[in-house]
Amino acid sequence: MTLQRMDNVGIIVEDLDAAVAFFTELGMEVDGRAHIEGLFADQAVGLDGVRSDIAMLRTPDGNGKLELAQYHTPAAIGDRPHNPPPNTLGLHRVMFAVDDIDDTIARLRRHGAELIGEVAQYKDIYRLCYLRGPSGILLALAEQIS
């Protein structure tokens with residue numbers, strides 16, 4: 001048996017609507033939304049009494065997907081610092097290729113994004129930056145310049 005594909009990256013958020021607005025401003029498209037609860041949900045995640053709302057988003061090329069989830073019960077917990085630095089162990093960040101990094105940053109700032117560090121240039125190849133988005137999510141942007 002072989003691996004078929006990576007299906008999606010799941011991110012737990014405090015405010016699903018705000019996170020959806022943030023990622024759609026980035027350029028992702030909503031595939032669907034659902035309310036999740038019941039025995040199958042409890043069994044799948046190993047928690048009791050799961051009630052959550054999810055939104056599935058995809059990149060315009062259809063290859064990348066994010067599943068955003070907001071837990072109502074049991075309440076989401078945070079066992080790490082609220083805004084962990086980029087060198088924190090665990091899932092690090094999600095990187096997106098964009099056409100215009102400056103425009104993307106400006107649009108995402110209207111949704112609460114904060115630039116971490118500054119936009120840096122790697123040789124004559126890329127401009128790169130890290131942003132902190134909703135619920136402290138780290139994402140990276142890369143604009144190819146050559």
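Trainee: D100 caps the N-terminal end of α3; how far is its side-chain oxygen from the backbone nitrogen of D102?
Mentor: This is a predicted model, where local features need pLDDT of at least 70, side-chain atom pairs count only at pLDDT 80 or more, and totals for chains, interfaces and linings use all residues. Residues are numbered from 1 along each chain as its sequence is written, and side-chain values use heavy atoms, leaving out hydrogens and water. Helices (H or I, at least four residues) and strands (E, at least two) are DSSP runs numbered from the N terminus. From the side-chain oxygen of D100 to the backbone nitrogen of D102 is 3.1 Å.

Trainee: Why are the buried residues of α3 on the same side?
Mentor: Buried (under 20% relative accessible area, 1.4 Å probe, protein chains only) applies in α3 to I101, T104, I105, R107 and L108. They lie on the same side of α3 because they cover, around the axis, an arc (of directions from the axis to the C-beta atoms) of only 165 degrees.

Trainee: Which elements do the buried residues of α3 pack against?
Mentor: Contact means heavy atoms within 4.5 Å. The partners of these α3 residues are β6 (114-122), β7 (126-132), β8 and α1.

Trainee: What arc do the buried residues of α1 cover?
Mentor: In α1 (residues 16-26), L16, A19, V20, F22, F23 and L26 are buried. They sit on the same side of α1, because their arc around the axis is only 160 degrees.

Trainee: Which residue in β8 is the bridge partner of M95?
Mentor: M95 is on the uncovered face of β5 with A97, whereas V94 and F96 form the covered one. β5 and β8 pair (at least two DSSP bridges) in the parallel sense over 4 bridges. The partner of M95 is A140.

Technical notes:
Buried < 20%, exposed > 50% of the residue type's maximum accessible area, 1.4 Å probe, protein only. Polar contact = N/O pair within 3.5 Å; in protein donor to acceptor, adjacent residues only side chain to side chain.
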